[in-house]
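Okay, thanks for squeezing me in today. Let me put the structure up and then walk you through it piece by piece.

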Amino acid sequence: MSIGIKAPCKYSQGKGELGKLGLNVKKMGNKFFLLCTANTRKRVGEIMEESLKSVEKEYIFCDFNGECSKAEISRVMEEFEKAGCDVMVGAGGGKVIDTAKAAAENLGGKPVVIIPTVASNDAPCSGVAVIYNEEGVVVKALLTKKNPDLVLVDTDIIAHAPARLLVAGMGDALATWFETRACKRSGAKNMARGLCSNTAYMMSKLCYDLLIQDGVAALEAVKRQEADEHLENVVEASIYLSGVGFESGGLAAAHAVNDGFAYVPAAHGMYHGEKVAYGLLVQLLLEKAPQSEWDEVFGFCKAVGLPTKLADLGVTEVKEEEIRKVAEAACVPTQSTKNVRADITPEEVYEAIMKVDEIGRKG
Ligand SMILES: [Zn+2]
């Protein structure tokens, strides 16, 4: 069995990086399709325009409608073709980014530039687009043939995004190492259809180490709206290392439990990374992780404000049948809980979810 690694062609990150967009994309094409929300356009539209103008490129803006759905992907494809564009640019959060990736893929593999304006998840670097229906339920994960051509991260912009989004991104990234490790141990296949490599294993560990080392200070930096070296490290961990780590390492119980929380209406307002962090605590119990490991992860969650009890996920009234549904959904054959251990039962997952809550409520 072979190993497999997927990654974006180029990743660049730094203060004021968006101003270098033109230089980075000069050879990619001539007319750029800029997909973003009206709010993102207000925040960063002018910088993108100036930068593209400086290298004599044409562009058009297209407003994103809010959901990465089949209908929205088709609409974006039509607009792209109508305008005669040759490069797709997605700027904003996870759903805009995934829509841009999916539309470019369905257009026959157009060049893709991803500009995350928040560090709330690990979507930017991956070749995966999660598609939802109009009700916001996951329909499928589209695996694109190639990862983005360029991921460009301006840490000045990330520093001005809401702190809770950075925390959610740290929650998503916190799980990467433990999920990769579970996949390596169990020999699970990753999204590059190969085994976890030493490279992905090492990147996932570095992702975790950077979060533990710089996470708290990075949160302080965002509260001051300042891109310091702590924030640079955490953004690299949350966007690059976690993105390559999950795709080339693999997913396990943390993400499966996150997906299961779709069955709990009270948790619908929570960010992906917040639910993943809770799922990670569940995974550590399922793995019977050493106390020191638990203490470090649990302590980090408390320190940055990631959920450690069900009430933190908006679930103030715990209904047994709902939590059992989460556990069952996390254990269906297509889910990644099996990458921890093939024989994990919904009962074990249910008990672990409740045990995390019990420990979390004690503080
Ligand atoms: Zn994730």
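So, let me start with the metal: what spacing do the donors of the zinc ion follow along the chain? Going along the chain, the pattern is D-x82-H-x16-H. And before I go on, keep in mind that this is a predicted model.

Who are these donors, then? The zinc ion is coordinated by D172 through OD, and by H255 and H272, each through NE2. The distances in the model come out at 2.1 to 2.2 Å. Now look at where two of them sit: D172 is in helix α6, residues 163-186, while H272 is in helix α10, residues 272-286, so this pair ties together parts that are 100 residues apart in sequence.

Right, on to the sheet. What's the strand order? We have an open sheet of 6 strands, and reading across you get β1-β8-β5-β4-β2-β3, with parallel pairing. The edges are β1, at 10-14, and β3, at 58-63; each has a single partner strand, so one side of each is left without a neighbour in the sheet. From one strand to the next, the twist averages 15°.

Let me zoom in on the β1 edge. β1 runs parallel to strand β8, residues 150-154, and 5 bridges join the two. If you want a pair to click on, S12 has L152 in β8 as its bridge partner.

Then there are helices lying over those strands. Helix α2, residues 38-54, lies across β2 (31-36), β3, β4 (87-92) and β5 (112-116). Relative to β3, α2 runs at about 175°. Helix α8, residues 229-248, lies across β1, β5 and β8, and its angle to β1 is about 155°.

Next up, a hairpin. Which strands make it? That's β6 and β7, with 5 residues between them. β6 covers residues 128-132 and β7 covers residues 138-143; they run antiparallel, joined by 5 bridges. Within that pairing, A129 stands opposite L142 in β7. For those of you who check backbone torsions, G136 in the turn has a positive phi of about 85°.

Okay, helix packing, and I've got three pairs for you.

Pair one is α3, residues 70-82, with α4, residues 94-106. Their axes come within 9 Å and cross at roughly 60°, which means α3 and α4 are oblique to each other. The crossing of α3 past α4 is right-handed. On the α3 side you have E72, I73, V76 and M77, and they meet T99, A102, A103 and N106 in α4. Sort the residues of that contact by class and you get 5 nonpolar, 2 polar and 1 charged.

Pair two is α7, residues 198-223, with α11, residues 291-304. Here the axes come within 10 Å and cross at roughly 20°, so α7 and α11 are roughly parallel to each other. This crossing is left-handed. From α7, the contact uses Y208, L211, I212, G215, V216 and L219, and from α11 it uses E296, V297, F300, A303 and V304. The class split for α7 with α11 is 9 nonpolar, 1 polar and 1 charged.

Pair three keeps α7 but swaps the partner to α8, the helix I showed you lying across β1, β5 and β8. How do α7 and α8 run, roughly parallel or roughly antiparallel? Their axes come within 7 Å and cross at roughly 150°, so the two are roughly antiparallel to each other. α7 passes α8 in a left-handed crossing. In this contact, the classes are 16 nonpolar, 9 polar and 1 charged.

That's my tour, so over to you for questions.

Key:
Residues are numbered from 1 along each chain as its sequence is written. This is a predicted model: local features need pLDDT of at least 70, side-chain atom pairs count only at pLDDT 80 or more; totals for chains, interfaces and linings use all residues. Side-chain values use heavy atoms; hydrogens and water are left out. Axes are lines fitted to C-alpha atoms, for helices over the stretch in contact, and angles run from 0 to 180 degrees between N-to-C directions. Helices (H or I, at least four residues) and strands (E, at least two) are DSSP runs, numbered from the N terminus. Angles under 35 degrees count as roughly parallel, over 145 as roughly antiparallel, 65 to 115 as roughly perpendicular and the rest as oblique. A crossing is left-handed if the near helix is turned anticlockwise from the far one by less than a right angle, and right-handed if clockwise. Contact means heavy atoms within 4.5 Å. Ala, Val, Leu, Ile, Met, Phe, Trp, Tyr, Cys and Pro count as nonpolar, Asp, Glu, Lys and Arg as charged, and the others, Gly among them, as polar. Two strands pair if DSSP finds at least two bridges between them. Donors are N, O and S atoms within 2.8 Å of the metal (3.2 Å for Na, K and Ca); water is not among the atoms, so sites may look incomplete.
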